[in-house]
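Open the model in your viewer and keep the sequence panel beside it. This tour goes from selection to selection, with a short stop at each.

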Amino acid sequence: MFDKGYFNNKKFVKCAQPVGDTMGRFHPHGDSSIYGALVWLSQPWNMRYPLITFHGNNGSRDNDPPAAYRYTECKLSKMGEEMLQDIKKDTADWQLAYTDEEKEPIYLPGRIPNLIVNGTSGIAVAMACSFAPHNLNEVMDAAIYLLNNPDCEVKDLLNYI
C-alpha cells in the first residue's frame with residue numbers, strides 16, 4: 001500500500017486492489033489470508049493503533065465477518081504511513097520476492113515498534129506467545145532511554161513502561 005501511494009491524505013481504494021497487488025507481487029498464498037490481515041490491521045478492538053483506515057463493514061468485536069473486499073475500501077492510517085516512512089533507507093537487508101522480479105525487506109523496518117505497541121498472539125513450532133499492547137509514548141521514552149543507556153537493565157525500562 002505504501003508503494004502504491006494509498007496514503008492517509010489520499011482517497012480510499014477498493015480493498016480488492018491492495019489484496020490483488022499483494023497476492024501478485026509478494027504473497028502467493030491466496031486472497032483470504034491477505035484480506036484477513038488487512039481487516040485485522042483496521043480493527044480498533046484488535047489494534048491499539050490501527051495501521052489501516054477502513055470504509056465499510058470490517059467485522060465486529062463479536063466475530064461478525066467483514067464484508068467481501070469488493071465492497072470495502074481502505075488506505076494507510078496516519079500510524080501505518082508513519083511506520084513505513086523509512087522503508088527505503090537501507091536499514092534492513094532485502095531479498096527477491098517470490099516472483100524474482102522485485103525485492104522485499106527480510107524484516108520490516110519500521111519507525112514504530114508495532115509488535116510492542118499493538119501486541120499480538122500466535123502459535124508456531126508448538127510455542128504460543130501473547131504480547132499485550134503498550135502505550136506508544138511510554139515505549140518511545142523507554143527506547144530513547146535504552147539508546148542513551150545501552151547497559152541498562154529491564155527494571156530501568158519499567159520506569160517508563
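Is Phe 131 buried, partly exposed or exposed? Select the residue and turn on the surface. Phe 131 is partly exposed, because its relative accessible area is 37%, which lies between the 20% and 50% cut-offs. Keep in mind throughout that this is a predicted model.

**Stop 1: the patch around Phe 131**

Colour strand β7, residues 127-131; Phe 131 lies in this strand. Now add Leu 115 and Ile 116 to the selection. Together with Phe 131 they make a nonpolar surface patch of about 250 Å².

**Stop 2: the whole chain**

Zoom out and switch to cartoon. The protein chain has six helices and seven strands. Trace them from the N terminus: the order is β-α-α-β-β-α-β-β-α-β-β-α-α. Along its principal axes, the C-alpha trace spans about 50 × 40 × 40 Å.

Show the full surface next. The chain exposes about 10,500 Å², and carbon and sulfur atoms supply 53% of that area. Of the 161 residues, 32% are buried. Among contacts with a separation of 6 or more, 48% join residues 24 or more positions apart.

**Stop 3: the three-stranded sheet**

Select β1 (13-14), β2 (52-55) and β3 (73-76). They form an open sheet in the order β1-β3-β2, with antiparallel pairing. Which strands sit at the edges? They are β1 and β2, each of which pairs on one side only.

Look closer at β1 and β3. Their antiparallel pairing runs over two bridges. Click Lys 14, then find Glu 73 in β3: the two stand opposite each other.

**Stop 4: the largest nonpolar core**

Hide the surface and show side chains. The largest nonpolar core has 15 residues. Select Cys 15, Tyr 35, Leu 38, Ile 52, Phe 54 and Cys 74, the members that touch the most other members. Three elements give two or more residues to this core: α2 (31-40), β2 and β3. Of these, α2 gives the most, with four residues.

Centre on Tyr 35. What does Tyr 35 touch, leaving out residues up to four places away in sequence? Its partners are Cys 15, Val 19, Phe 54, Pro 66, Ala 67, Ala 68, Tyr 69 and Thr 72.

Another core lies apart from this one. It has nine residues, among them Met 79, Met 83, Ile 112 and Leu 136.

**Stop 5: Gly 80**

Go to helix α3, residues 78-83, and pick Gly 80 within it. Is Gly 80 buried or exposed? It counts as buried, because its relative accessibility is 3%, under the 20% cut-off. Draw a distance from its C-alpha atom to that of Trp 40. The two residues are 40 residues apart along the chain, and their C-alpha atoms are separated by 13 Å.

**Stop 6: Asn 148**

Finish on helix α5, residues 136-148, where Asn 148 lies. Asn 148 counts as exposed, because its relative accessibility is 58%, over the 50% cut-off. Draw one last distance, from Asn 148 to Thr 53. These residues are 95 residues apart along the chain, with their C-alpha atoms separated by 35 Å.

Technical notes. Residues are numbered from 1 along each chain as its sequence is written. This is a predicted model: local features need pLDDT of at least 70, side-chain atom pairs count only at pLDDT 80 or more; totals for chains, interfaces and linings use all residues. Side-chain values use heavy atoms; hydrogens and water are left out. A nonpolar core is a set of buried Ala, Val, Leu, Ile, Met, Phe, Trp, Tyr and Cys residues joined through side-chain atoms within 4.5 Å. Buried means under 20% relative accessible area, exposed over 50%, partly exposed in between (1.4 Å probe, protein chains only). Contact means heavy atoms within 4.5 Å. Patches are made of residues with over 30% relative accessible area and no salt bridge: like charges are joined within 9 Å, nonpolar side chains (Val, Leu, Ile, Met, Phe, Trp, Tyr) within 5 Å. Accessible areas come from the Shrake-Rupley method with a 1.4 Å probe; for residues, only the protein chains shown count as cover. A salt bridge is a side-chain nitrogen of Lys or Arg within 4 Å of a carboxyl oxygen of Asp or Glu. Two strands pair if DSSP finds at least two bridges between them.
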